[in-house]
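Visitor: I have a two-part model to go through and would like some help reading it. Can we start once it is on the screen?
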Amino acid sequence: MNDIRPSKIPGGEGIWVFICGDLIVFSLFFLVFLDYRSVSPELFSVSANSLNLTFGLLNTLVLLTSSWFIVGALDAFRRNRLIAFRRLSLLALFCGVFFVVLKIFEYKEKILGGVGLTTNDFYMFYYVLTGIHLFHVLLGLGAIGWLLIASRPKICCLNSESVESVCVFWHMVDLLWIFIFPLLYLVA
Amino acid sequence: MYLKNVMQFRIYKETVIYLLLVVLTLSSWYVANNEKPVGLFGLNERVVIILFAAFKVRLVLRYFMEVNQAASVLKILTDAWLFLISLSMCFFLL
């Protein structure tokens, strides 16, 4: 029987040590980005205006929806509803894959337009920040995929802490994008 | 049919939070795209957008990541991080 109440530290201490480390690293990236922007605001403004805002907005909405599905999946897990847990996890996975597909199209559009990592400082940050974030999305997708595989025979094969860890990690991926989207697409 | 199970669970509050996050995202997009600068309480639109993002991050932390029901140390740590990073970003944009 799974515990219906959330844990004192959702997912356990280990995942939060990892999350705190990740948040600090990304925070430093954000501040260095803004520092570079303050040196050449014109260049950053012109470069940011060339980004496709529709992709950025869609990416944000897709990740938020994915997070919402994962909230439902965790609730279903705590109530021992295997089918609902698997369905909601699968929906979250689909949203994550959609995010990756959108990113590939966005990168393709930029690269075909002759914009690369070395074009200017803004694009260096654009590719590094979104690239590292994309790596986190892929890790999260792998973790959700693992949940789907591990829950196949019976839900009791998974323990509460590992499901919570995956959910918390996936929300962190969403949280990071919530800052990346305005910084790159709206503010710069 | 596929989603019929969703609302059977106790995620009503989280669903409201999700809708609020979507509204805030669209609001940020509107503020950034408006021809006329849209400030709030005398702040420039860039700072408003960052404050919207910080509020969204707090909602995700508190309700989706369940920090609201977690140990106090986690609440303090996440709030301290969010306060520091938001303040630092606003400092660069003012």
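Guide: What follows is a short walk through this predicted model, by chain and then by contact.

Visitor: Fine. What is the secondary structure of chain A?
Guide: Chain A has six helices and zero strands. Read from the N terminus, the elements go α-α-α-α-α-α.

Visitor: What are the dimensions of its C-alpha trace?
Guide: The trace of chain A spans about 60 × 30 × 20 Å along its principal axes.

Visitor: And how much of chain A is buried?
Guide: Of its 188 residues, 59% are buried. The accessible surface of chain A is about 7700 Å², and carbon and sulfur atoms account for 68% of that area.

Visitor: What share of the contacts in chain A comes from residues 24 or more positions apart?
Guide: Counting contacts with a separation of 6 or more, such residues account for 82% in chain A.

Visitor: Now chain B. How many helices and strands?
Guide: Chain B has three helices and zero strands, in the order α-α-α from the N terminus. Buried residues come to 45% of the 94 in chain B. Its exposed area is about 5300 Å², with 68% supplied by carbon and sulfur atoms. For contacts with a separation of 6 or more, residues 24 or more positions apart make up 59% in chain B.

Visitor: How do α6 of chain A and α2 of chain B cross?
Guide: Helix α6 of chain A covers residues 160–187, and helix α2 of chain B covers residues 45–64. Their axes come within 10 Å and cross at roughly 175°. Angles over 145 degrees count as roughly antiparallel, so α6(A) is roughly antiparallel to α2(B).

Visitor: Which residues meet there?
Guide: On the α6(A) side they include His171(A), Leu175(A), Ile178(A), Phe179(A) and Leu186(A). On the α2(B) side, Ile49(B), Ala53(B), Val57(B), Val60(B) and Phe64(B) are among them. By class, the contact of α6(A) with α2(B) has 15 nonpolar, one polar and three charged residues.

Visitor: Different topic. How many disulfides are there?
Guide: The search of the whole structure gives zero disulfides over all chains. Take Cys167(A), which is in no disulfide: the nearest cysteine sulfur belongs to Cys95(A) and is 14 Å away.

Visitor: Where is Cys167(A)? And is it buried or exposed?
Guide: Cys167(A) is in helix α6 of chain A. Its relative accessibility is 2%, so Cys167(A) counts as buried.

Visitor: What is Cys167(A) in contact with?
Guide: Setting aside neighbours within four places in sequence, Cys167(A) is in contact with Ile70(A) and Leu74(A). The C-alpha atom of Cys167(A) is also 8.2 Å from that of Ser67(A), a residue 100 positions away along the chain.

Visitor: What about Cys90(B), buried or exposed?
Guide: Cys90(B) has 9% relative accessibility and therefore counts as buried.

Visitor: Last thing, backbone. What is phi of Asn80(A)?
Guide: Phi of Asn80(A) is near 60°, a positive value in a residue other than glycine. Most residues other than glycine have a negative phi. Asn80(A) lies in the loop between α3 (53–78) and α4 (82–112) of chain A, and with a relative accessible area of 29% Asn80(A) is partly exposed.

Visitor: And Glu66(B), what is its phi?
Guide: Phi of Glu66(B) is near 60°, also positive in a residue other than glycine. Glu66(B) lies in the loop between α2 and α3 (72–93) of chain B. At 10% relative accessibility, Glu66(B) counts as buried.

Technical notes. Residues are numbered from 1 along each chain as its sequence is written. Chains are lettered from A and ligands numbered from 1 in the order in which they are written. This is a predicted model: local features need pLDDT of at least 70, side-chain atom pairs count only at pLDDT 80 or more; totals for chains, interfaces and linings use all residues. Side-chain values use heavy atoms; hydrogens and water are left out. Axes are lines fitted to C-alpha atoms, for helices over the stretch in contact, and angles run from 0 to 180 degrees between N-to-C directions. Helices (H or I, at least four residues) and strands (E, at least two) are DSSP runs, numbered from the N terminus. Angles under 35 degrees count as roughly parallel, over 145 as roughly antiparallel, 65 to 115 as roughly perpendicular and the rest as oblique. Contact means heavy atoms within 4.5 Å. Ala, Val, Leu, Ile, Met, Phe, Trp, Tyr, Cys and Pro count as nonpolar, Asp, Glu, Lys and Arg as charged, and the others, Gly among them, as polar. A disulfide is a pair of cysteine sulfur atoms within 2.5 Å. Buried means under 20% relative accessible area, exposed over 50%, partly exposed in between (1.4 Å probe, protein chains only). Accessible areas come from the Shrake-Rupley method with a 1.4 Å probe; for residues, only the protein chains shown count as cover.
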